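Biologist: I would like to go through this chain slowly, asking at each step why a word is used. May I begin once it is on the screen?

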Amino acid sequence: GFCSLCCGRIDRELMKLTCCLCVIEACPDKEAGLQPWNPGHRETHRVTIGHGRKVVLTSSATVHSIEIVDGGKLVIADTSRPIVLRTKHILIGNNGALLIGSPDCPYKGNLTISLYGRSDDSDVPHSYFGRKYIGVGTGGTLEIHGEKKLAWTFLNRTLHPGENNDNNYHFERGWGNRGIIVHVVDPKTSEVLHSDRFDTYRSKDESRRLAQYVEAVEDGMILAMVVNDEGSNNLEDLARKALMKLGSQQFHHSLYKLWLLDMECLSTVRPHASITIDTHSNTSILELADDTSSWKPGDTLVVASTDYSMHQAEEFQILPCPACTPFQVKVQGKPSYLHMGEEVDGVDMRAEVGLLTQNILIRGEMEPRCYGTEACKFFNFDTFGGHLKVEHGFKAVHIQGVELMHMGQQSMGHYPVHFHMNGDVDEQGGYNPPTYVQGLSIHHSFSRCVTVHGSNGLLVKDVVGYDALGHCFFTEDGPEERNTFEHCLGLLVRAGTLLPSDRNSRMCRHITDGAFPGYVANPRQDCSATSTFWMANPNNNLINCAAAGSEETGFWFIFHHVPTGPSEGMYSPGYTEHTPMGVFRNNRAHSNYRAGMILDNGVKTTQANEKDKRPFLSLVGARYGPHQDSDPLKPRVPALIHHFVAYKNQDHGAWLRGGDVWLDDCQFADNGIGLTLASGGTFPDDDGSKQEVKNSLFVGESENRGTPFPDNQNWGPGGQDLNGRSLPRGVNFPIRGMQIYDGPINVQNCTFRKYVALDGRHTSAIGFRLNNSWQSCPNNNVSDIMFDDITSRVFFGEPGPWFNKMQMDGDKTTVFHDVDGSVSEYPGAFLVKEDNWLLRHPDCIDVPDWRAAICSGHYAQIYVQIRHPANLNMKMVKDEYPDRPLILEGALGKKRHYQQFQPVVTLAKGYTVHWDRAAPAEVIVWLINFNRDDWINVGFCYPKGTNFTIISDIHNRLTKQTRKQGVFQKMQQREKLEHSHPGWGYYYWEEETGLLFLKVKAHNDKADLAFCSVKGCERIKINAFIPKGSGPSDCMAEAYPAHAQMPIVDVPMPQKRPANQLVRNAFSSMWWFIKELGRGHTQNGTPGRRKAPQAGLKPLTYRRAGPSLTHCAIAPP
């Protein structure tokens, strides 16, 4: 099979000879015609290999530089002696080739290519490659193939801080093993070299054999002896002397006891013998998930953090271990931190273990400290490493089994591995086999790990990136597509200086290059986005990858509205925002500060100017809405995220914004917030979408408690037992599983586990975005939810730490639909904030511990946009509850030229709207989530003497055009408002109260997921001509009680689910606890001992809102 791959058809009779020739031909250093090349050591020697010259380097060398051009070829000999090649650069030009091993003949020896030089050298840098590089130019070939080793795996047994988990030895015997049992132990390795039993009670031959055995033991070994039952009956002097010659007092003592046994009757004592060997050495045994036979003594490993801090990653060196299985390695030292090696509460939290050592090393030679660059303001070490760069038009590049250390530079375009503007590098670009980099260990990098710039179809596989500055796996300008990152591991990714998104807060404030004069940085908005995987185009594949610790984020999908840099003009504006996502499957992210994953934001694609002073490529807003062929006029295509695991991320497990993002079979644990799904938010141009998470697990506080260390401010009580543990943000941060923001979203068939609220900390399985000024959609649907060991299913918030005053509009209008009652136990009910009387009716059920009410009804939204002036507060009153107004401050801030209010309303009801100053001259009412014939009546307050022009129109999101539908006519009777038509409408001006009455009604069908109708967003636009000097337009005193209505329940409350359909959990369902306590059942329904209620828990009360109805029950917390 091997020969057929490299030699074609095999002649059966000559198979052996053919295979031999095949192997020789596959090894580049065996090629006929190669000339030995041993240039010696001279830093001034500039080498050019060209004109068809083919040479093989067979020994270490130092030269100034190497250029391989015009048919030249440099091959590195695979010898038993290590080779170190020192040079300032290697340039592989047109028709040149550098060959080190091949796919069928991997390089077995030890090779180091050491790139030396300083950034301030007097040599003129290359115009394209710069300094200190391996450069593959147009027509160049680079083939490097080191030994094939396992890149990384998982820890399969937990490592505890300081734990000695070497394979301690224990031997134990009882009846049937009479006599003297001996073990010979190597004191250096604790390995049992030999063991034997000598029945010196029964046979003198055994006594003689024992004497011979003892005499044969090598000096320096440990001899462990134990007597089981009896052994002195036939123990001869020869054996006794051999044992006593060893000189140990323990042997004398043991022999005394041995002889004593002859004189005592011990028939009632059951014989028992044991030998235990405890090793007390500064070593550890790592139990691993995969066969690590390819790892060798002397190799260096890194074990990832499994806590919130990425800095808990630890390096270890492999030691010899003859007794280890292929799934074990012995390493020098003991762990300082806890590293999980198991599934915890249903979530795979095993630490990644990455290999850092390869037999081919490419490294940069470094100065002892930073010198002469702007980077020295932020780093005290030299950051001018080597780099490897591939130019457009290269002939072939395949790199495998290479270690890259001290590579990359804190300057643009110089990275450990850099594919620069190569276009298609797979079959589509004529490359066969396709281009790849795999099996690389990139560590202690000074700028990124692997950069894919303007290149498509690259395979990046089995690459470990560790301790890097700036985005590690980096796609740059936006046009990069079809690249595959498979089984890649990145960890300990720190901030760098190159791009605003690379920089931390300090760098962001101090580096203002490219900013307009007067720029004042806002680091959390403009910068602070350092990520392990930075995807500038969603059409790339991420499979089986791990982002195991970044200063900010694990996976970040970012959008370039237009391509930037040398990629300018490669696609039309907005292309990437509509591009379907590639494969995203079986990825994991943990130990990141901001989030495990973010799908949001763009980069600024214009230069700084007076209007926008931020530097080029600062973070800005962007919205993702994938469509077929990246065409917004074609059908939507969901972005699928399958089996994503996110744990121990301080802020978010994942924040995903955009249309049609669907998650399935995901796991979120120990994150500050598990998951937030944010809508596209491009109203009025958003065409509607569905975001959903299904079949997923959320864990609040797992049994992975982390490691305490000095000055850790995020350590405190938590969990059900209130023991100390690491915390995501602080002791009082409100941990949430699913955070509902705007919507619409769908949460289905998900389990929430171990969300435990404490005094002063509002933890909940389902929560809401804090300090939210935006809308909340009544089409947020939740169904098939399971709760396990929680104290609070939902919490709507209350004034206090983190929640602040709860005065922002989104804080007041939160709502979601409990489709099957799996949260509230009332199928089809809506959960609303307890004090939002626009949505309540008399039969709503209060749940005080949730700060919520369970209600029924038909709900929609209106967006009220105002101009002239825009800095008003709006008060909206439902006619049924005139004493419970809802006051909204607006979603856009008070400095905008218009304002927008976004209340959720109960359909088929009457409302009035009032202002804290004179009413705005322009009001536009948008009908949001209205179906055909849905309506509300609204009275807007205006000063007396106001005149009006009112029209209806439809705004088309695609054409961005607005089409007039009709003009509203003034009526003398309010009852006439009921006779509105699609082409015209009526208004009633009640001047004595100051109320302008309209019937707001939808006349077109709405698509399932869209905010607006199939024809566009239906609107009513009011232009008011208001007398100058008018006072505040607050008509409450005149409007009520004249327009007050008796509260009516239009949609009856659903029946409560039967008890046998509810989730049975002692902590999440107190009703079950009380019911089962008398039966002696455990929380899963099986017989068992009774359990006392958990400390701090109390039954919740459901309370009817209306004064004429009472309803009390034990409710789920």
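Biologist: Why does D670 count as buried?

Modeller: Buried means a relative accessible area under 20%, exposed means over 50%, and partly exposed is in between, with a 1.4 Å probe and protein chains only. D670 has 0% relative accessibility, which is under the limit for buried, so the word applies. Please keep in mind that this is a predicted model, in which local features need pLDDT of at least 70 and side-chain atom pairs count only at pLDDT 80 or more, while totals for chains, interfaces and linings use all residues. Residues are numbered from 1 along each chain as its sequence is written, and side-chain values use heavy atoms, with hydrogens and water left out.

Biologist: Where is the place of D670?

Modeller: D670 is in the loop between strand 51 (667–669) and strand 52 (673–678), where helices (H or I, at least four residues) and strands (E, at least two) are DSSP runs numbered from the N terminus. D670 also has a positive phi, near 60°, in a residue other than glycine.

Biologist: H643 has a positive phi too, although it is not a glycine. Is H643 buried or exposed, or something in between?

Modeller: Phi of H643 is about 50°, and the residue sits in the loop between strand 47 (639–642) and strand 48 (645–647). Its relative accessible area is 23%, a value that falls between the limits for buried and exposed, and therefore H643 is called partly exposed.

Biologist: What makes L142 buried?

Modeller: The relative accessible area of L142 is 0%, so it meets the definition of buried. L142 lies in strand 12 (residues 141–145). Leaving aside neighbours within four places in sequence, L142 has contacts (heavy atoms within 4.5 Å) with residues including I92, L98, L388 and V397. The C-alpha atoms of L142 and F394 are 8.9 Å apart in space, although 252 residues separate the two in sequence.

Biologist: How do you know that T435 counts as buried?

Modeller: T435 has 1% relative accessibility, which is under the limit, so it is buried. T435 belongs to the loop between strand 30 (417–424) and strand 31 (436–438), and beyond four places in sequence its contacts include F394, V397, H398 and G457. Its C-alpha atom is 7.9 Å from that of G457, which is 22 residues away along the chain. For the chain as a whole, buried residues make up 58% of the 1117 residues.

Biologist: What makes the peptide bond between H868 and P869 cis?

Modeller: Omega for this bond is about 0°, and P869 lies in the loop between strand 67 and strand 68 (874–878). The bond from Y1040 to P1041 is cis as well, with omega near 15°.

Biologist: How much space lies in the largest pocket, and what makes it a pocket rather than a cavity?

Modeller: About 1600 Å³ lies in the largest pocket. On a 1 Å grid over the protein atoms alone, a cavity is a set of points where a 1.4 Å probe fits but cannot get out, whereas a pocket is an open set with protein on both sides within 12 Å along at least five of seven lines, and lining residues have an atom within 4 Å of a point. Points are joined across faces, edges and corners, and volume is the space filled by probe spheres set on them. The largest pocket is lined by 45 residues, with D600, W655, R657, Y741 and R769 nearest its centre, and strand 45 gives the largest share of the lining, four residues.

Biologist: How many cavities of 30 Å³ or more does the structure hold?

Modeller: There are six. The largest cavity has about 90 Å³ of space and 15 lining residues, of which F768, R769, L770, F796 and F803 lie nearest its centre.

Biologist: What is the mean pLDDT of the chain?

Modeller: pLDDT is the predictor's confidence in each residue, from 0 to 100; its mean over the chain is 89, and 89% of the residues reach 70 or more. Over residues 255–269, however, pLDDT is below 50, and it also stays under 50 over residues 1106–1117.
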